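Dear colleague,

I am handing over the structure below, and after it I set out what was found in it. Please keep it open beside this message while you read.

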Amino acid sequence: FLQTGEMSMTVLGRKFANGAIYVENSGPFYFSPQTGKIDMRVEHRLVRLKFESNTIDGNFEMGRLVITSEFGDERP
């Protein structure tokens, strides 16, 4: 990110891709331009990321988004 001001990221996900319409929210996780990396553990099969900025004159440009994923261990 090239950003001015603080931003938040919320992880929106479903436990099953074809399951119920219910979407779980994890976060928000707040970060600033000095934040190097956001560490979290969230288990979903279908994931969306929502970025928000509520800073006056805030601005951001996003490059490549990198996510490291692993097999989870949660079973219903």
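**Overall picture**

Read from the N terminus on, the elements of the chain run β-β-β-β-β, and the count for the chain is accordingly five strands and zero helices. Please bear in mind that this is a predicted model, with a mean pLDDT of 79 for the chain and 91% of its residues at 70 or more. Within the chain the confidence is highest in E2, at 88, and lowest in E5, at a mean of 75.

As for dimensions, the C-alpha atoms of the chain fill a box of roughly 45 × 25 × 20 Å when it is taken along the principal axes. Of the 76 residues in the chain, buried residues make up 14%, and the chain exposes about 6,500 Å², of which carbon and sulfur atoms supply 48%. Looking at contacts with a separation of 6 or more, residues 24 or more positions apart account for 64% of them.

**The aromatic pair**

A search of the whole structure finds one aromatic pair. The partners are phenylalanine 31 and phenylalanine 51, which meet edge-to-face, with 6.4 Å from centre to centre and 90° between the planes. This pair links distant parts of the chain, since phenylalanine 31 belongs to strand E3 and phenylalanine 51 to strand E4 (residues 46–52), with the two positions 20 residues apart in sequence. Phenylalanine 31 counts as buried, because its relative accessibility of 6% is under 20%, whereas phenylalanine 51, at 22%, counts as partly exposed.

**Two buried positions and their contacts**

Threonine 10 has its place in strand E2 (residues 7–14), and at 10% relative accessibility it counts as buried. If residues up to four places away in sequence are not counted, threonine 10 touches Asn25, Ser26, Pro28, Arg48, Leu49 and Lys50. One of these contacts, proline 28, lies in strand E3, and the peptide bond that leads to proline 28 from glycine 27 is cis, with omega near 10°. That bond deserves a look in the viewer, given that most peptide bonds are trans.

Histidine 44, by contrast with threonine 10 in its strand, is found in the loop between E3 and E4. Is histidine 44 buried or exposed? With a relative accessibility of 17%, histidine 44 counts as buried. Leaving aside residues up to four places away in sequence, histidine 44 touches Val11, Gly13, Arg14, Lys15, Glu24 and Ser26, and Ser26 is also among the residues that threonine 10 touches.

**Salt bridges**

How many salt bridges does a search of the whole structure find? The search finds two. In one, glutamate 43 is joined to arginine 41, with the closest N and O atoms 3.2 Å apart, and arginine 41 is exposed, its relative accessible area being 59%. In the other, the side chains of glutamate 52 and lysine 50 meet at 3.9 Å, N to O. Both of these residues count as partly exposed, glutamate 52 at 37% relative accessibility and lysine 50 at 38%. Lysine 50 has already appeared above, as one of the residues that threonine 10 touches.

**The surface**

On the surface there is a nonpolar patch formed by Phe60, Met62, Leu65 and Ile67, which together have about 380 Å² of accessible area. Phenylalanine 60 has its place in strand E5 (residues 59–61), and with a relative accessible area of 36% phenylalanine 60 is partly exposed. Since E5 is where confidence in the chain is lowest, I would ask you to read the description of phenylalanine 60 with that value in mind.

Isoleucine 21 is placed in the loop between E2 and strand E3 (24–31), and it is exposed, with a relative accessible area of 74%. Computed along the sequence rather than through space, how far is isoleucine 21 from glutamate 61? Isoleucine 21 and glutamate 61 are 40 residues apart in sequence, and their C-alpha atoms are 31 Å apart in space.

With best regards

Terms used
Residues numbered from 1 in each chain as written. Predicted model: local features only at pLDDT ≥ 70, side-chain atom pairs only at ≥ 80, totals over all residues. Heavy atoms only, no water. Patch = residues over 30% accessible without salt bridge, like charges linked within 9 Å, V, L, I, M, F, W, Y side chains within 5 Å. Areas by Shrake-Rupley, 256 points an atom, 1.4 Å probe, with all protein chains shown as cover. Salt bridge = Lys/Arg side-chain N within 4 Å of Asp/Glu carboxyl O. Helix = DSSP H or I, 4+ residues; strand = E, 2+ residues; numbered from the N terminus. Buried < 20%, exposed > 50% of the residue type's maximum accessible area, 1.4 Å probe, protein only. Contact = heavy atoms within 4.5 Å. Phe/Tyr/Trp six-rings, centres within 6.5 Å; stacked < 30°, edge-to-face > 60°. pLDDT = per-residue confidence, 0-100.
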